Amino acid sequence: MPSTTDDARASALVVCAGGGIGDSLLASPAARALHERFARVDALTLPGHRAALERVPDFDAVLTDDGEEEERLARRLAERAYAAAIVTWATARVARVARRARIPIRVGQARRLYSGFFTRRVVVRSERGDVSSHWTDVLLDYARALDCDVADRIPSFVPRAQDDADAEALLARLGARRFIIMHPTNAIAP
């Protein structure tokens, strides 16, 4: 781990380039926790998740994994000289890329064939029988492996003014005056 003085200038990467868009958005508290230690926290995500993560103030920059060749993606990441990375949704490809990028501290999921690419491994709570923790706490376990935590576990998402205008235009085009959005999930306890 970089020393405390180095951490003030260092940057970290949150790799949320797998799973659904909700998995990526729920990584924002983990990014916020990393900000307690690192000056910059960037995200690496899927192209379809980029626009949403650009509205998350916990990320300083949003990079995309366009499925390019592993070595090329690793070089792009290596140029940014990350001190640490947490991989919230690992695949063998992403685990190899983080290692090839020479990110010294790589936190990822334990109990996978590719877990050896990570320098710190996290056992996902559900693999230990926990079915009640909110996914934000599960993802925060990756940041906690770097001694980073945050009391505010509410995910961040800040719509832009244009987003409101686009939503109003869509509703007008559909002739809708009211709508309901349902998102069943475990509650986030304060």
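## A walk from helix H7 outward

Start with helix H7: its buried residues pack against helix H2 (21-25), helix H3 (28-34), strand E4 (84-87), strand E5 (105-109) and strand E6 (120-122). Keep in mind as you click around that this is a predicted model.

**Stop 1: select 135-144.** That is H7, and eight of its ten residues are buried. Colour the buried ones: Thr136, Asp137, Val138, Leu139, Leu140, Asp141, Tyr142 and Ala143. Two aspartates, Asp137 and Asp141, are on that buried list. If you wonder how the side chains fan out around a helix like this, remember that an α-helix has 3.6 residues a turn, so residues three or four places apart point the same way. Now add H2, H3, E4, E5 and E6 to the selection, and you have the elements that the buried residues of H7 pack against.

**Stop 2: zoom out.** Switch to cartoon and count eight helices and six strands. Trace them from the N terminus and the order reads α-β-α-α-β-α-β-α-β-α-β-β-α-α. Along its principal axes, the C-alpha trace spans about 55 × 40 × 35 Å. How does the radius of gyration of the protein compare with that of a compact globule? For 190 residues, such a globule would come out near 16 Å, and the protein has 17 Å, which agrees.

While you're out here, put the surface on. The protein exposes about 10,200 Å², with carbon and sulfur atoms supplying 54% of that. Under the surface, buried residues account for 46% of the 190. Colour by charge and you get 28 positive and 26 negative side chains, with the centres of the two sets 4 Å apart. As for contacts with a separation of 6 or more, 60% of them come from residues 24 or more positions apart.

**Stop 3: select 11-16.** This is strand E1, and six of its six residues are buried, so the rest of the structure largely encloses it. Show side chains and look at both faces: Ser11, Leu13 and Val15 sit on one side, Ala12, Val14 and Cys16 on the other, and all are buried.

Which strands pair with E1? One is E2, running parallel to E1 and joined to it by six bridges. Another is E4, also paired with E1 in the parallel sense, over four bridges. For landmarks, find Val15, whose bridge partner in E2 is Leu44, and then Ala12, which stands opposite Ala84 in E4.

**Stop 4: step across to 40-45 and 61-64.** From E2 (residues 40-45), carry on to E3: the two pair in the parallel sense over four bridges. Leu44 is a handy pivot here. You just met Leu44 as the partner of Val15, and in E3 the bridge partner of Leu44 is Leu63. So what do the side chains of E3 do? Ala61 and Leu63 point one way, Val62 and Thr64 the other, and all are buried.

**Stop 5: two arginines with positive phi.** Leave the strands and select Arg102 and Arg111. Most residues other than glycine have a negative phi, and most peptide bonds are trans. Arg102 has a phi near 60°, a positive value, and Arg111 has one near 65°, positive too. Where are they? Arg102 is in the loop between helix H6 (92-100) and E5, while Arg111 is in the loop between E5 and E6. Buried or exposed? With 71% relative accessibility, Arg102 counts as exposed. Arg111 is exposed as well, with a relative accessible area of 54%.

**Stop 6: out to the helices.** Select Glu168, which belongs to helix H8 (residues 161-174). Its relative accessibility is 55%, so Glu168 counts as exposed. Draw a distance line from Glu168 to Ala74: the C-alpha atoms are 41 Å apart, for a pair 94 residues apart in sequence.

Then pick Arg75 in helix H5 (residues 70-78). Arg75 has a relative accessible area of 46%, which makes it partly exposed; the cut-off for exposed is over 50%. One last distance line, from Arg75 to Leu53, gives 22 Å between C-alpha atoms, and the two are 22 residues apart in sequence.

Methods
Residues are numbered from 1 along each chain as its sequence is written. This is a predicted model: local features need pLDDT of at least 70, side-chain atom pairs count only at pLDDT 80 or more; totals for chains, interfaces and linings use all residues. Side-chain values use heavy atoms; hydrogens and water are left out. The radius of gyration is taken over C-alpha atoms; the globule rule is 2.2 Å times the number of residues to the power 0.38. Buried means under 20% relative accessible area, exposed over 50%, partly exposed in between (1.4 Å probe, protein chains only). Contact means heavy atoms within 4.5 Å. Accessible areas come from the Shrake-Rupley method with a 1.4 Å probe; for residues, only the protein chains shown count as cover. Lys and Arg count as positive and Asp and Glu as negative; His and the chain ends are not counted. The place of a charge is taken as NZ of Lys, CZ of Arg, CG of Asp or CD of Glu. Two strands pair if DSSP finds at least two bridges between them.
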